[in-house]
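User: I would like to go through this protein step by step, with each answer reasoned out.

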Amino acid sequence: MGETQNNDEVFREKLDQLNDFEFNDKVAGVFDDMVNRSVPYYDEMQRMTSELVKDFAGKDSLVYDLGCSTGTTMILMDKTVDPDVKFVGIDDSEQMLGKCREKLSRFNLHREITLKVADLTQNVPVENASAVTMVLVLQFIRPIHRLDIVRKIYEGMNRGGAFILIEKVLTEEKSFNRSFIDYYYKFKRRNNYSELEISQKREALENVLIPYKLSENLNMLKDAGFEEVEVFFKWYNFAGIIAKKI
Ligand SMILES: C[S@@+](CC[C@H](N)C(=O)[O-])C[C@H]1O[C@@H](n2cnc3c(N)ncnc32)[C@H](O)[C@@H]1O
């Protein structure tokens, strides 16, 4: 999906000063390569998301992709979801939405799609939704805001709708964390990231990407109101959950 994307070299050289990770211009320009090389089974998670959403997306309703970045999820959902269903992509990074706009026009989608800049900690503009996706986004939002955001998503959804949440997660048992993270870094090495790139990115993400345990995510979804909650994907420290509003 990232045919004209540049290679991710954001952390390739030794940086004199490491700032907190941001979805700025530099990251937006290489994001598709970065996410494909940094997230195991990224394509498969996206494919599963698009097939699950199809089961819920209803004609007179909207499908939202919260934290849509460059629009990969919407491009795949476009192939599975009835063309009358409108999509709304939301992100708080103008730079990411700029890339998203470019990519959507390159893929020439014949569907009404609205892109909105919004910070989900301030405003969750979800209404009349039959499906909402949030792929690798909630982990970047400070924990204090998470339950409130998921509650607002639940409130903005129609009965019978589904919310898909994909997150990096911590292990339930502390003793497995280290080995699972080691296997994750091995995955990154297989994708040609150097030790320096891995360690600089880890440091930049330290206070920015804050994973919950899978059980904490499941409890949060139930506390927000979702009546049926199911795990559909798991790879070491990554998990995909579908939650239904009955
Ligand atoms: C890892 S990317 C998401 C990847 C994308 N969903 C995909 O499937 O390829 C995280 C995205 O969440 C956005 N984001 C982070 N915090 C946000 C917030 N408070 N409100 C809205 N978007 C946010 C970032 O700008 C970034 O584009």
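**Strands, core and loops**

Analyst: In this predicted model, strand S4 (residues 129–135) runs parallel to S5, and 6 bridges join the two. One of the facing pairs puts Thr133 opposite Ile164 of S5.

User: In which sense do S5 and S8 pair, parallel or antiparallel, and over how many bridges?
Analyst: One pair of partners that can be located in the structure is Lys168 and Phe238, the latter lying in S8. Taken as a whole, the pairing of S5 and S8 is antiparallel, and the number of bridges is 7.

User: Which residue stands opposite Phe238 in S8 on the S7 side?
Analyst: Strand S7 (residues 228–235) is joined to S8 by 7 bridges, and these two strands run antiparallel. They form a hairpin with 2 residues between them, and in that turn Tyr236 has a positive phi of about 35°. The residue that stands opposite Phe238 is Trp235.

User: Why can S8 be called largely enclosed by the rest of the structure?
Analyst: A residue counts as buried when 20 or more other C-beta atoms lie within 10 Å of its own. Strand S8 (residues 238–244) is largely enclosed because the number of its 7 residues that are buried is 6.

User: How many residues of S5 are buried?
Analyst: S5 is described as mostly covered, and this rests on a count over its 14 residues. Of these, the number buried is 10.

User: Which strand gives the largest share of the largest nonpolar core?
Analyst: This core has 58 residues, and Val63, Tyr64, Val132, Ile153 and Phe163 touch the most other members. The largest share amounts to 7 residues, and the strand that supplies it, covering residues 157–170, is S5. In general, nonpolar side chains in soluble globular proteins tend to be buried together. The strand asked for is therefore S5.

User: Which residues is Ile153 in contact with, leaving aside its neighbours within four places in sequence?
Analyst: Ile153 is one of the core residues that touch the most other members. Once the neighbours within four places are left aside, its contacts are Val124, Val126, Val132 and Phe163.

User: Is Gly156 buried, exposed or partly exposed?
Analyst: Gly156 is found in the loop between helix H5 (143–155) and S5, and beyond four places in sequence it touches Val124, Val126, Glu127 and Ala129. Its C-alpha atom is separated by 6.1 Å from that of Asn128, although the two residues are 28 apart along the chain. Because Gly156 has 18 C-beta neighbours inside 10 Å, it counts as partly exposed.

User: How far apart in space are Ala118 and Ile90, C-alpha to C-alpha?
Analyst: Ala118 lies in the loop between strand S3 (113–117) and S4, and it is partly exposed, with 15 other C-beta atoms within 10 Å. Not counting residues up to four places away in sequence, Ala118 touches Ile90, Asp92, Asn123 and Pro125. Ala118 and Ile90 are 28 residues apart in sequence, while their separation in space is 6.2 Å.

User: Which residues come nearest to the ligand?
Analyst: The shell around the ligand holds 10 nonpolar, 6 polar and 3 charged residues. Among the 19 residues around the ligand, those that come nearest are Phe23, Gly67, Asp92, Ser93 and Val135.

User: What radius of gyration does the protein have?
Analyst: Along its principal axes the C-alpha trace spans about 50 × 45 × 30 Å. For 246 residues, a compact globule would have a radius of gyration near 18 Å, and the value for the protein, which agrees, is 17 Å.

How values were computed
Residues are numbered from 1 along each chain as its sequence is written. This is a predicted model: local features need pLDDT of at least 70, side-chain atom pairs count only at pLDDT 80 or more; totals for chains, interfaces and linings use all residues. A residue is near a molecule or strand if its C-beta atom, placed from the backbone, lies within 6 Å of it. Ala, Val, Leu, Ile, Met, Phe, Trp, Tyr, Cys and Pro count as nonpolar, Asp, Glu, Lys and Arg as charged, and the others, Gly among them, as polar. The radius of gyration is taken over C-alpha atoms; the globule rule is 2.2 Å times the number of residues to the power 0.38. A nonpolar core is a set of buried Ala, Val, Leu, Ile, Met, Phe, Trp, Tyr and Cys residues joined through C-beta atoms within 7 Å. A residue is buried if 20 or more other C-beta atoms lie within 10 Å of its own, exposed if 12 or fewer, and partly exposed in between; C-beta atoms are placed from the backbone. Helices (H or I, at least four residues) and strands (E, at least two) are DSSP runs, numbered from the N terminus. Two residues are in contact if their C-beta atoms, placed from the backbone, lie within 7 Å. Two strands pair if DSSP finds at least two bridges between them.
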